[in-house]
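Trainee: I have a structure to look at and would like to learn how to read its features one at a time. Could you take me through it slowly?

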Amino acid sequence: MKALKKENFHIFRKFINILIDYERDLTNLNSIIYSKDNYLIFKSLKKISTDEIVFYLKRHRVELFFYKNKIVDIILPDIQKKLEPLVLYETKKALDLSNLTIKIAQLFDKNKINYLVFKGIPLAYKTLNKLSSRGNGDLDIIVRQNQLETSIKLLELNGFYFYKPSIPKSMNSFFGRYCKWINYEARFDRKSSTGYQYVDLHWRFTGFGDSLPSFNECYQDRRILSFGKNKLSSLSYKHEFLFACSHSAKDKWMSVRNILDIDRLARKLNEGNIEITKTSNQIKMSTFVAYQFTHSDYLRKYFNEKSLITMYCLKTYQNTMRIAPKAFGVNGWTPLNRLGNVLHIFIITNSLKDWLKIILSNIITPESIVDSESREIYPIYKILLNRINSLLTALRGYFFKVN
């Protein structure tokens, strides 16, 4: 598994800080380029191979952020040719995602489904006023829980299939309710003329609430976005910011693109004088990590720099941002890394219900309960066997790893 060199990671982080400074003030180009402090960063950056820089940009999904940037053009003139095919791909996929987002919104509007689209295309439009600015991704859409079954049927009627079913057909059974409580989304996919399309259908925004707003609160405060004749319901700036912090914390701040989202949304809140009256651990921690990259003053009010949780953030993000995405660690799955993931949830949320959820989800997983083909619930003995087999497979992979 490839990981970035620690010393190079810190240079990238400082360079991103420079680019964010430029994004905030486009008149500041000469003072940025000719700064003595920045000169040392530029000098160190030029010593890093182009391949490693491109790897870093792809790993963190920031190709579009670097492409045709005036500072990047001056400091790293050779990188644009390597970025061009990546940017074309990301832009094309983002436009495909825009079309999918609008079509699913129209489908749900037509069938009177109360929904909110978040992350993805709405977030790109809110932060940079351009649909393709965040690149490729999935469609994340949340519906009221009492409309979940109808929403699933609508997606299936329009050619979507469950991708590894996480909830059974009998949603109101004991195990059905358990799966809905443990999980917060179900993934669907379908093959189209442009490739596979993915929809993450949510009934909760995230698995770990930590005093975050409910669907009803967000729906009442929703923002209607217009794209020509098309409209869709999305989150307000305030709620988009709260959930951007939550999702980044859940993923251990492993993506620079998500960190940039947090900074830009905080900037919008600052410009609109929108106050966050209650800050959770996830907000405090994610804004602290964002501050390490951007040094934006409007982030400082959300966290205490000298607290224990910020010290934990510092160590965690410096590790996770250097390894492959969605990985347990440089060594892959290990019992210790699994324990670390559980403890991480204990740190980012103060909710006893969330703590219970993460413990139970590691004992009996929805995947061990639901038949992936029929979406029927396995007998109890089969559920236990599935879980034991899954654990033994993971342990075999750990103890008998091929070097």
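Mentor: Let us begin with a term that we shall need throughout: a residue is called buried when its relative accessible area is under 20%, exposed when the value is over 50%, and partly exposed in between. Please keep in mind as well that this is a predicted model.

Trainee: Are Lys-126 and Glu-240 buried or exposed?

Mentor: Both of these residues, Lys-126 and Glu-240, are buried. They also form a salt bridge with each other, in which the closest N and O atoms are 2.6 Å apart. Because Lys-126 belongs to helix 8 (residues 120-128) and Glu-240 to helix 12, the pair ties together parts of the chain that are 114 residues apart in sequence.

Trainee: What has to be true of two side chains for us to speak of a salt bridge?

Mentor: We look for a side-chain nitrogen of Lys or Arg that lies within 4 Å of a carboxyl oxygen of Asp or Glu.

Trainee: How many salt bridges does the count come to by this rule?

Mentor: The count comes to 14 salt bridges. One of them joins Arg-264 to Glu-23, with 2.8 Å between the closest N and O atoms. Here Arg-264 lies in helix 13 and Glu-23 in helix 1 (residues 6-24), so this pair ties together parts that are 241 residues apart in sequence.

Trainee: How do the two partners count in terms of accessibility, beginning with Arg-264 and going on to Glu-23?

Mentor: Arg-264 has a relative accessibility of 8% and therefore counts as buried, whereas Glu-23, at 22%, counts as partly exposed. The two residues also belong to a wider arrangement, since Glu-23, Asp-263, Arg-264 and Arg-267 are linked in a network of salt bridges.

Trainee: Which residue meets Asp-51 in a salt bridge?

Mentor: That partner is Lys-82, and the N to O distance is 2.5 Å. The pair links distant parts of the chain, with Lys-82 in helix 7 (residues 79-110) and Asp-51 in helix 4 (residues 50-59), 31 residues apart. Lys-82 has a relative accessible area of 40%, so this residue is partly exposed.

Trainee: May we turn to helices that pack against each other? At what angle do helix 12 and helix 13 pack?

Mentor: The general idea is to compare the N-to-C directions of the two axes, where an angle over 145 degrees counts as roughly antiparallel and one from 65 to 115 as roughly perpendicular. Helix 12 (residues 237-250) and helix 13 (residues 256-271) pack at about 155°, and their axes are 9 Å apart. This is why helix 12 is described as roughly antiparallel to helix 13. The crossing of these two helices is left-handed.

Trainee: And how far apart are the axes of helix 10 and helix 17?

Mentor: Their axes are 10 Å apart, and helix 10 (residues 174-182) packs with helix 17 (residues 352-363) at an angle of about 115°. Helix 10 is therefore roughly perpendicular to helix 17, and the crossing in which helix 10 passes helix 17 is left-handed.

Trainee: What should I know about the sign of phi when I go through a chain?

Mentor: As a general rule, most residues other than glycine have a negative phi, which is the background for the next two cases. Asn-273 is not a glycine, but its phi is positive, near 55°. This residue lies in the loop between helix 13 and helix 14 (281-294), and Asn-273 is exposed, with a relative accessible area of 66%.

Trainee: Where is Arg-375 found?

Mentor: Arg-375 is found in the loop between helix 18 (366-369) and helix 19. Its phi is also positive, about 65°, although Arg-375 is not a glycine. At 9% relative accessibility, Arg-375 counts as buried.

Trainee: Lastly, which residues form a nonpolar patch on the surface?

Mentor: The patch is formed by Ile-380, Leu-384, Ile-388 and Leu-392, which together have about 380 Å² of accessible area. Of these, let us look at Ile-388, which is found in helix 19 (residues 380-399). With a relative accessibility of 46%, Ile-388 counts as partly exposed.

Note on methods: Residues are numbered from 1 along each chain as its sequence is written. This is a predicted model: local features need pLDDT of at least 70, side-chain atom pairs count only at pLDDT 80 or more; totals for chains, interfaces and linings use all residues. Side-chain values use heavy atoms; hydrogens and water are left out. Patches are made of residues with over 30% relative accessible area and no salt bridge: like charges are joined within 9 Å, nonpolar side chains (Val, Leu, Ile, Met, Phe, Trp, Tyr) within 5 Å. Accessible areas come from the Shrake-Rupley method with a 1.4 Å probe; for residues, only the protein chains shown count as cover. Helices (H or I, at least four residues) and strands (E, at least two) are DSSP runs, numbered from the N terminus. Buried means under 20% relative accessible area, exposed over 50%, partly exposed in between (1.4 Å probe, protein chains only). Axes are lines fitted to C-alpha atoms, for helices over the stretch in contact, and angles run from 0 to 180 degrees between N-to-C directions. Angles under 35 degrees count as roughly parallel, over 145 as roughly antiparallel, 65 to 115 as roughly perpendicular and the rest as oblique. A crossing is left-handed if the near helix is turned anticlockwise from the far one by less than a right angle, and right-handed if clockwise.
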